[in-house]
Amino acid sequence: MDKIRCDVVSCAHNKDRACYANCVDIVGSSARDAQSTNCGSFLNKAHYSQLTDNTLSSGSCDCLQCAVETCKYHDNHLCALGSIQVSGGAVDYYTYTQCSSFVCQD
């Protein structure tokens with residue numbers, strides 16, 4: 001299973017809904033819901049089409065950093081989940097992406 005399952009088809013790192021960025025950085029430090037989180041690693045395929053398969057690993061991205069301290073799964077700037085879902089579809093900017101796996105701490 002891929003560490004980052006991604007439906008942001010307009011991202012240059014997306015290949016068959018798997019992320020091939022060197023590292024994914026989820027941002028939204030004071031988020032209270034998934035819509036307030038973003039994938040800070042998003043690069044628009046229209047401008048950065050040569051970056052697919054740019055991972056330093058032998059496969060898809062396995063480095064997941066998280067700056068969303070309000071998330072239940074935030075663990076010292078990493079994600080404690082085995083995999084996450086990034087959503088957004090065919091967007092132009094990272095602000096239209098989100099971590100759908102976000103769960104706010106109680």
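**Exercise 1. Place strand E9 among its partners.**

How many bridges join strand E1 (residues 4–6) to E9, and do the strands run parallel or antiparallel?

Solution.
- Step 1. E1 and E9 run parallel and are joined by 3 bridges. Strands here are DSSP runs of at least two residues, marked E and numbered from the N terminus. Two strands pair if DSSP finds at least two bridges between them.
- Step 2. Take one bridge: Cys 6 has Val 86 of E9 as its partner.
- Step 3. Turn to E10. E9 and E10 run antiparallel, with 2 bridges. Val 86 stands opposite Cys 99 in E10.

This is a predicted model, in which local features need pLDDT of at least 70, side-chain atom pairs count only at pLDDT 80 or more, and totals for chains, interfaces and linings use all residues. Residues are numbered from 1 along each chain as its sequence is written, and side-chain values use heavy atoms, leaving out hydrogens and water.

**Exercise 2. Find the centre of the largest nonpolar core.**

Which residues touch the most other members of the largest nonpolar core?

Solution.
- Step 1. Fix the term. A nonpolar core is a set of buried Ala, Val, Leu, Ile, Met, Phe, Trp, Tyr and Cys residues joined through side-chain atoms within 4.5 Å. Buried means under 20% relative accessible area, exposed over 50%, and partly exposed in between (1.4 Å probe, protein chains only).
- Step 2. The largest core has 24 residues; Ile 4, Val 24, Ile 26, Ile 84 and Val 86 touch the most other members.
- Step 3. Assign strands. E1, E4 (24–27), E6 (64–66) and E9 each supply at least two residues of this core.

**Exercise 3. Compare two residues of one loop.**

Is Thr 97 buried or exposed?

Solution.
- Step 1. Locate both. Tyr 94 is in the loop between strand E9 (84–87) and strand E10 (98–99). Thr 97 lies in the loop between E9 and E10.
- Step 2. Thr 97 is buried because its relative accessible area is 2%. Tyr 94 has 39%, so Tyr 94 is partly exposed.
- Step 3. Trace polar contacts (N or O atoms within 3.5 Å; within protein, one able to donate a hydrogen and the other to accept it; residues adjacent in sequence count only if both atoms are side-chain atoms). The Thr 97 side chain reaches the backbone nitrogen of Cys 39 at 2.8 Å. A polar atom of that Thr 97 side chain lies 2.6 Å from the backbone oxygen of Tyr 94.
- Step 4. Check Phe 42. Its C-alpha is 5.4 Å from that of Tyr 94, with their positions 52 residues apart in sequence.

Note on methods. Helix = DSSP H or I, 4+ residues; strand = E, 2+ residues; numbered from the N terminus.
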